[in-house]
Amino acid sequence: MKAVGYKKSLPVEDADALIDFETAKPEPKGARYQGRREGDSRPTRSITRCASGPLPPEGETKILGYDAAGVVDAVGPDVSLFKPGDEVFYAGSILRQGTNSEFHLVDERIAGRKPKSLSFAQAAALPLTSITAWELLFDRLGAVPGKSVDPRTLLITGGAGGVGSILIQLARRLTGLTVVATATRPESQKWCLDLGAHAVIDHGKSMKEQIEKLKLPPVALVASLTYTDQHYKAIADFMAPQGKFGLIDDPPEFTVSAFKGKAISVHWESMFTRSSFQTPDMIAQHNLLNDVADLIDKGVLRTTLDQTFGTINAANLKRAHALLESGKSRGKIVLEGW
């Protein structure tokens, strides 16, 4: 089968940063695993990471990519949630090869029903960010689902990114929180407002001053999605006492004691934790994705797809990675077809 991968961690502009190659088609021999093929052999992938990363073993090519939407091709002996021909979407596992290939295996417990109202490209933009945003909002920050008034503000830094784009929607549509996102460019600020943010502030300026001018409920919940090391001390200064600070990135510098005086709790979110450690509640991600699909089909949520970059090959993937690394992307980028 066709695939795209890398052998060495190289700058995205390097000719060998990503390469096209052929590899064996994986077979679903594991009890809970199922093989996938894309609808009409037109694979769809959402780009979720750049080309840099740990080196694959000597002589092997690492396949990147997480998100995918497609059709079940075959299933393992104990699979009960899906059958061949079912349309699904999922984000995969970091313990397996990625989704930038024609076929791949995924545990049924981390796959969900593809939203009926979306194309494969639109659906492929959603799994990883939806799981991350949902777990961060409800499991880590403890937001209360339901539209009853919640006298707190949720601040989302980097609101125009992939996770921020779905998190804004979840918080606005499913909770009573006041939702404030951060974005610097006018087009990104408009994107956040269109998704449902009550207000948008510029994280390149004093966030405390902008928050105070808005006269909002206290900022008790924070979802720090990017550049946490640059913003967390300033955020700790204006957060409400006994609040909750959640983050998903890997800040090179982070001192948790900045939150001690206000007894603010710090929460890490990683959507790969359940699949990596085979936790007893691993099937929660299957249920979560089905809930997202239902909300999409009911018109409560919408896809966060912003751009499509053509067919899946090394050249187009490098273009997508370059845009992500520039920090100027919005929502999700999707590639479709081979």
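**Figure 1. Strand S13 and its two parallel neighbours.** In this predicted model, strand S13 spans residues 219–224 and is mostly covered, with 6 of its 6 residues buried. Strand S10 (residues 153–157) runs parallel to S13 and is joined to S13 by 5 bridges. Strand S14 (residues 244–247) also runs parallel to S13, here through 4 bridges. A handy residue to look for is Val222 of S13: Leu155 stands opposite Val222, and Val222 in turn stands opposite Phe245 in S14. As a reminder for reading this view, strands of a sheet pair through backbone hydrogen bonds, either parallel or antiparallel.

**Figure 2. The open sheet S2-S1-S5.** Here 3 strands form an open sheet in the order S2-S1-S5, with antiparallel pairing. Strand S2 (19–22) and strand S5 (62–63) stand at the edges, and each has a single partner strand, so one side of each is left without a neighbour in the sheet. Strand S1, residues 2–6, pairs with S2 in the antiparallel sense over 4 bridges. To find your place in this pairing, look for Lys2, which stands opposite Glu22 in S2.

**Figure 3. Leu10, in the loop between S1 and S2.** Staying with these strands, Leu10 has its place in the loop between S1 and S2. Is Leu10 buried, partly exposed or exposed? Leu10 counts as partly exposed, because its relative accessibility is 24% and the partly exposed class lies between 20% and 50%. For a sense of distance, Leu10 and Lys114 are 104 residues apart in sequence, and their C-alpha atoms are 34 Å apart in space.

**Figure 4. The two sides of helix H4.** Which residues of helix H4 (residues 186–195) are buried? They are Ser188, Trp191, Cys192 and Leu195. These residues cover an arc of only 95° around the axis, which puts them on the same side of H4. The spacing makes sense: an α-helix has 3.6 residues a turn, so residues three or four places apart point the same way. On the other side of H4, Pro186 and Lys190 are exposed. The buried residues of H4 pack against helix H3 (162–174) and three strands, namely S11 (178–182), S12 (199–201) and S16 (305–308). Just after the helix comes Gly196, whose phi is positive, near 125°.

**Figure 5. Helices H2 and H8 where they cross.** Helix H2 (residues 127–140) packs with helix H8 (residues 284–297) at an angle of about 105°, and their axes are 10 Å apart. The two helices are therefore roughly perpendicular to each other. On the H2 side, the contact is made by Pro127, Ser130, Ile131, Trp134 and Glu135. H8 contributes Gln285, Leu288, Leu289, Asp291, Val292 and Leu295. Sorted by class, the contact has 7 nonpolar, 2 polar and 2 charged residues.

**Figure 6. Ser93, a buried loop residue.** Ser93 is found in the loop between strand S7 (87–90) and strand S8 (104–107). Ser93 counts as buried because its relative accessible area is 14%, and buried means under 20%. Which residues does Ser93 touch, not counting those up to four places away in sequence? Ser93 touches Ile110, Phe272 and Ser275. By contrast, the C-alpha atoms of Ser93 and Gln230 are separated by 29 Å, with the two residues 137 residues apart along the chain.

Methods. Residues numbered from 1 in each chain as written. Predicted model: local features only at pLDDT ≥ 70, side-chain atom pairs only at ≥ 80, totals over all residues. Heavy atoms only, no water. Buried < 20%, exposed > 50% of the residue type's maximum accessible area, 1.4 Å probe, protein only. Arc of directions from axis to C-beta. Contact = heavy atoms within 4.5 Å. Pairing = 2+ DSSP bridges. Axes fitted to C-alpha atoms, helices over the stretch in contact; angles between N-to-C directions. Parallel < 35°, antiparallel > 145°, perpendicular 65-115°, else oblique. Nonpolar A, V, L, I, M, F, W, Y, C, P; charged D, E, K, R; others polar.
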